[in-house]
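Visitor: I'd like a close look at one part of this structure rather than a tour of everything. Could you pick one helix and walk me through how it sits among its neighbours?

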Amino acid sequence: ETMRRLTEHIRMLSESRLDVETVESRVDKVRQLRQCMERLPERARHLIEAYYFYDNSPEVIGVQNEMKPDTVRRNLSRIRMNLRDCVESVQSSECD
């Protein structure tokens, strides 16, 4: 569930779309995700941007980065987990 929400937030960030009904909540989540994206190493950020912002497939990203598509998928999975953990950490620190 958290991974699905994270994926949704990344897509939302790339499209810069916010629902009017949930603007406050969404703005906080987007801000938290942006904060975490900025903390990523450049290569990880590049993979996330290529996949979510530019809608490239793992195959295309693999060719561009001299990586196997499975390696791209594994890296994206790890990066998403890191982003999830980071967002959860940011949320809990803001609640303290």
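Guide: What follows is a walk around helix α3 and the parts of the chain that surround it.

One caveat before we start: this is a predicted model, so treat everything below as computed from predicted coordinates.

First, some orientation. The chain has 5 helices and 0 strands, and reading along the sequence gives you the pattern α-α-α-α-α. Of its 96 residues, 30% count as buried. If you take the contacts between residues at least 6 apart in sequence, 60% of them join residues at least 24 apart.

Now to the helix itself. Helix α3 covers residues 42-53, and its axis comes within 10 Å of the axis of helix α5, residues 69-95. The two axes cross at roughly 105°, and that makes α3 roughly perpendicular to α5. Who does the touching? On the α3 side you'll find Ala44, Leu47, Ile48, Tyr51 and Tyr52, and they meet Asn75, Leu76, Ile79, Arg80 and Leu83 of α5. Sort the residues of that contact by class and you get 8 nonpolar, 1 polar and 1 charged.

It's worth setting that list beside the burial figures. The buried residues in α3 are Ala44, Leu47, Ile48, Ala50 and Tyr52. Ala44, Leu47, Ile48 and Tyr52 are therefore both buried and part of the contact with α5. The spacing in sequence makes sense for a helix: there are 3.6 residues a turn, so residues three or four places apart point the same way.

Tyr51 is the one to look at next. Tyr51 also belongs to the contact with α5, but it is partly exposed, at a relative accessible area of 23%. Buried means under 20%, so Tyr51 with its 23% doesn't qualify. Its sequence neighbour Tyr52 does, as a buried residue with 5% relative accessibility. Together these two tyrosines supply the aromatic part of the story, as the count comes to 1 aromatic pair. The ring centres of Tyr51 and Tyr52 are 4.8 Å apart and the ring planes stand at 85°, so the pair is edge-to-face.

Zoom out a little and you can see α3 as a contributor to the largest nonpolar core. That core has 20 residues, and the ones touching the most other members are Ile10, Leu33, Leu40, Ile48, Ile79 and Leu83. The elements giving two or more residues to it are α1 (2-15), α2, α3 and α5, with α5 giving the most, at 7 residues. From our helix, Ile48 is the familiar name in that group of well-connected members, and Ile79 and Leu83 turned up earlier on the α5 side of the contact with α3. Leu40 ties several of these together: leaving aside neighbours within four places in sequence, Leu40 is in contact with Arg45, Ile48, Ile79 and Leu83.

Follow the chain out of the far end of α3 and you come to Asp55, in the loop between α3 and α4. Asp55 isn't a glycine, yet it has a positive phi of about 55°. At 59% relative accessibility, Asp55 counts as exposed. There's a parallel case further along: Glu66, in the loop between α4 and α5, is likewise a non-glycine residue with a positive phi of about 55°. Glu66 counts as exposed too, at 78% relative accessibility.

Between those two loops comes helix α4, residues 58-65, and this helix also packs on α5: the angle is about 105° and the axes are 8 Å apart. That makes α4 roughly perpendicular to α5. Pro58, Glu59, Ile61 and Gly62 of α4 make the contact with Pro69, Val72 and Arg73 of α5. By class, this contact has 4 nonpolar, 1 polar and 2 charged residues.

A last stop takes us to α2 and its view of α5. Gln32 sits in helix α2 and is buried, with a relative accessible area of 4%. Setting aside neighbours within four places in sequence, Gln32 is in contact with Val87, Val90, Gln91 and Glu94. Next to Gln32 in sequence, Arg31 is also in helix α2, which spans residues 23-39, but Arg31 is partly exposed at 35% relative accessible area. The C-alpha atoms of Arg31 and Val87 are separated by 9.5 Å, although the two residues are 56 apart along the chain.

How values were computed
Residues are numbered from 1 along each chain as its sequence is written. This is a predicted model: local features need pLDDT of at least 70, side-chain atom pairs count only at pLDDT 80 or more; totals for chains, interfaces and linings use all residues. Side-chain values use heavy atoms; hydrogens and water are left out. Rings of Phe, Tyr and Trp (its six-membered ring) pair if their centres lie within 6.5 Å; planes under 30 degrees apart count as stacked, over 60 as edge-to-face and the rest as tilted. Buried means under 20% relative accessible area, exposed over 50%, partly exposed in between (1.4 Å probe, protein chains only). Axes are lines fitted to C-alpha atoms, for helices over the stretch in contact, and angles run from 0 to 180 degrees between N-to-C directions. Helices (H or I, at least four residues) and strands (E, at least two) are DSSP runs, numbered from the N terminus. Angles under 35 degrees count as roughly parallel, over 145 as roughly antiparallel, 65 to 115 as roughly perpendicular and the rest as oblique. Contact means heavy atoms within 4.5 Å. Ala, Val, Leu, Ile, Met, Phe, Trp, Tyr, Cys and Pro count as nonpolar, Asp, Glu, Lys and Arg as charged, and the others, Gly among them, as polar. A nonpolar core is a set of buried Ala, Val, Leu, Ile, Met, Phe, Trp, Tyr and Cys residues joined through side-chain atoms within 4.5 Å.
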